[in-house]
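Could you walk me through this structure in a friendly way? I am new to reading protein models and would like a short briefing, grouped by topic.

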Amino acid sequence: MKIRTYFIAGGAGFIGSNYVRHVMAKRPDCRVVVFDKLTYAGNRANLEDEIMDERLRFVQGDICDRFLVDREMRGCDVVVNFAAETHVDRSIHNPSAFIQTDILGTHVLLDAARKYGVKRYVQISTDEVYGSIEEGLFTETSPIQPSSPYSASKASADLLVLSYWRTYQMPVVITRASNNFGPFQHPEKLIPLFVTNAMDDKPLPMYGDGLNVRDWLYVEDHCRGIETVIEAGEKGAIYNIGGMCEKTNIEVTRKILETLGKPESLIRRVTDRPGHDRRYALACEPLVALGWRPLESWEVRMEQTIQWYVDRRDWWEALRSGEFEEYYRRQYPDLAKQPD
Ligand code: NAD
Ligand code: DAU
């Protein structure tokens, strides 16, 4: 497919900014509109040199703003929607923003994309829509059974997207990825939180018994998977994108501590997340059949990622101040009761 102009909603967040970088490196002839509200999770600094590139136009805006979305999407061929409230713990405290952005915002994007007859609308969804699985793997036909307000809002959006295919034959595709890690991830999430805490000898708040399992996907592999689906994916289809790399949280934490040369005594067991999904695990045959696979081992990608946070204190220190400090105190009251 000859793509000229991408409309990338949420392109200043973690995965979105890595995707913008990926696309601009791979497609010299592309144009990119990054449309992002710049919530606490969005950051112009994530776009580094790309923001100065004349192929990129940055628009600060809310995907729930119909007028602005309609104006800025004109002339775009492909819409990729990363924009969302994404942190499960925040959705437990305040679901409203999740319902607003993740569901209603998706509806606004779908309407504009339909009006402009885009060649592809890609909804970036998550494995969390399937809920938790004790054994085996989720496939694209597994039922959706979301646990948190976050995953319920993502699942709702998926249903809307599919309805635009069935009703209007809009060329949509949905990707459901597992847990991403890599550069530019907000320090509220497990890996960046534990790396940056460990660097400063602060406690690592482990929920429950630490035996919850996540399937870890390096962000660049996720970006390659999205491109594969845009190029060769079937209209109206769902594609799982998993890292094929299941780890318990304690295994991830030990890898971080070992790489940084820090002691296990930094681990603190804290009150578990309500409704905490025990295990996520994906089968990805349809994407693998299109020639996709992760390119490197988890160990190597973890070491590169940890080194990135070691080198980029300038980037994450700014995000750990202000609103984050208040969030942190509210989220981890147990830590205040325990000595460091
Ligand atoms: P993130 O929280 O780092 O970034 C979200 C971005 O969306 C931010 O730049 C934010 O400013 C923007 N945004 C939020 N509300 C907006 C609104 N109303 N209008 C416009 N922009 C808005 O998230 P992420 O981890 O990069 O996740 C990106 C997408 O991928 C999300 O849809 C998420 O559900 C999905 N996903 C994430 C993971 C993961 O492990 N992080 C895994 C699977 C799927
Ligand atoms: O699976 C895909 C999902 O992965 C995405 O859809 C979400 O947007 C993304 O945030 C992520 O969700 P998780 O809830 O799995 O990620 P998080 O980093 O918050 O937690 C990973 C695991 O680590 C989970 O079992 C909870 C645990 N955890 C997390 C934090 C922040 C802790 O034990 N302590 C913590 O402080």
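Here is a briefing on the two ligands, one helix and three single residues.

This is a predicted model, so please read it with that in mind. Ligand 1 has 28 residues around it, and ligand 2 has 24. The protein covers a good part of each ligand's own accessible area: 97% for ligand 1 and 95% for ligand 2.

**Ligand 1 and its surroundings**

- Among the 28 residues that surround ligand 1, the closest are Ile15, Asp36, Thr86, Tyr150 and Lys154.
- An oxygen atom of ligand 1 lies 3.0 Å from a backbone N or O atom of Phe14.
- Two further backbone partners meet nitrogen atoms of the ligand: a polar backbone atom of Lys37 is 3.1 Å from a nitrogen of ligand 1, and a backbone N or O atom of Ile63 lies 2.9 Å from a nitrogen of ligand 1.
- On its own, ligand 1 has 840 Å² of accessible area, and the protein covers 97% of this.
- Four elements give two or more residues to the shell around ligand 1, namely α1 (14–26), β5 (120–126), α5 (149–168) and β7 (179–181).
- Strand β5 provides the largest share of that shell, with three residues.
- Sorted by class, the shell around ligand 1 holds 12 nonpolar, 12 polar and four charged residues.

**Ligand 2 and its surroundings**

- The residues that come nearest to ligand 2 are Asp127, Tyr150, Asn179, Arg273 and Tyr332.
- Tyr150 appears in the list of closest residues for ligand 1, and it appears in the list for ligand 2 as well.
- The side chain of Tyr150 has an N or O atom 2.6 Å from an oxygen atom of ligand 2.
- Tyr332 also brings a polar side-chain atom to 2.6 Å from an oxygen atom of ligand 2, while for an N or O atom in the side chain of Lys189 the distance to a ligand oxygen is 3.5 Å.
- Ligand 2 exposes 690 Å² when taken alone, and the protein buries 95% of that.
- The elements that give two or more residues to the shell around ligand 2 are α6 (190–199) and β8.
- By class, the shell around ligand 2 divides into 10 nonpolar, eight polar and six charged residues.

**Helix α1**

- Does the length of α1 agree or disagree with what its 13 residues should span? At 1.5 Å a residue they should span 18 Å, and the end C-alpha atoms are 19 Å apart, which agrees.
- Helix α1 is largely enclosed by the rest of the structure, because 11 of its 13 residues are buried.
- The buried residues of α1 include Phe14, Ile15, Gly16 and Ser17.
- Phe14 is therefore worth a second look: it is a buried residue of α1, and its backbone also reaches ligand 1 at 3.0 Å.- The buried residues of α1 pack against β1 (5–9), β2 (31–36), β3 (56–60), β4 (78–81), β7 and α7 (219–232).

**Ile124, in a strand**

- Ile124 sits in strand β5, the element that gives three residues to the shell around ligand 1.
- Is Ile124 buried or exposed? Its relative accessible area is 6%, so Ile124 is buried.
- Leaving aside neighbours within four places in sequence, Ile124 is in contact with Val80, Asn81, Phe82, Lys154, Thr175, His222 and Ile226.
- The C-alpha atoms of Ile124 and Ala157 are 9.9 Å apart, although 33 residues separate the two along the chain.

**Asn212, in a loop**

- Asn212 belongs to the loop between β8 (204–207) and β9 (213–218).
- With 2% relative accessibility, Asn212 counts as buried.
- The side chains of Asn212 and His276 make a polar contact at 3.2 Å.
- Beyond neighbours within four places in sequence, the contacts of Asn212 include Tyr207, Lys247, Thr248 and Asp277.

**Glu251, in a helix**

- Glu251 lies in helix α8 (residues 249–260).
- Glu251 is partly exposed, at 39% relative accessible area.
- The side chain of Glu251 reaches the backbone nitrogen of Thr248 at 2.7 Å.
- Not counting residues up to four places away in sequence, Glu251 touches Glu246 and Trp298.
- Glu251 and Leu211 are 40 residues apart along the chain, and their C-alpha atoms are separated by 8.6 Å.

Definitions and conventions:
Residues are numbered from 1 along each chain as its sequence is written. Chains are lettered from A and ligands numbered from 1 in the order in which they are written. This is a predicted model: local features need pLDDT of at least 70, side-chain atom pairs count only at pLDDT 80 or more; totals for chains, interfaces and linings use all residues. Side-chain values use heavy atoms; hydrogens and water are left out. A residue is near a molecule or strand if one of its heavy atoms lies within 4 Å of it. A polar contact is a pair of N or O atoms within 3.5 Å; within protein, one must be able to donate a hydrogen and the other to accept it, and residues adjacent in sequence count only if both atoms are side-chain atoms. Accessible areas come from the Shrake-Rupley method with a 1.4 Å probe; for residues, only the protein chains shown count as cover. Ala, Val, Leu, Ile, Met, Phe, Trp, Tyr, Cys and Pro count as nonpolar, Asp, Glu, Lys and Arg as charged, and the others, Gly among them, as polar. Buried means under 20% relative accessible area, exposed over 50%, partly exposed in between (1.4 Å probe, protein chains only). Contact means heavy atoms within 4.5 Å. The expected span of a helix is 1.5 Å times one less than its number of residues.
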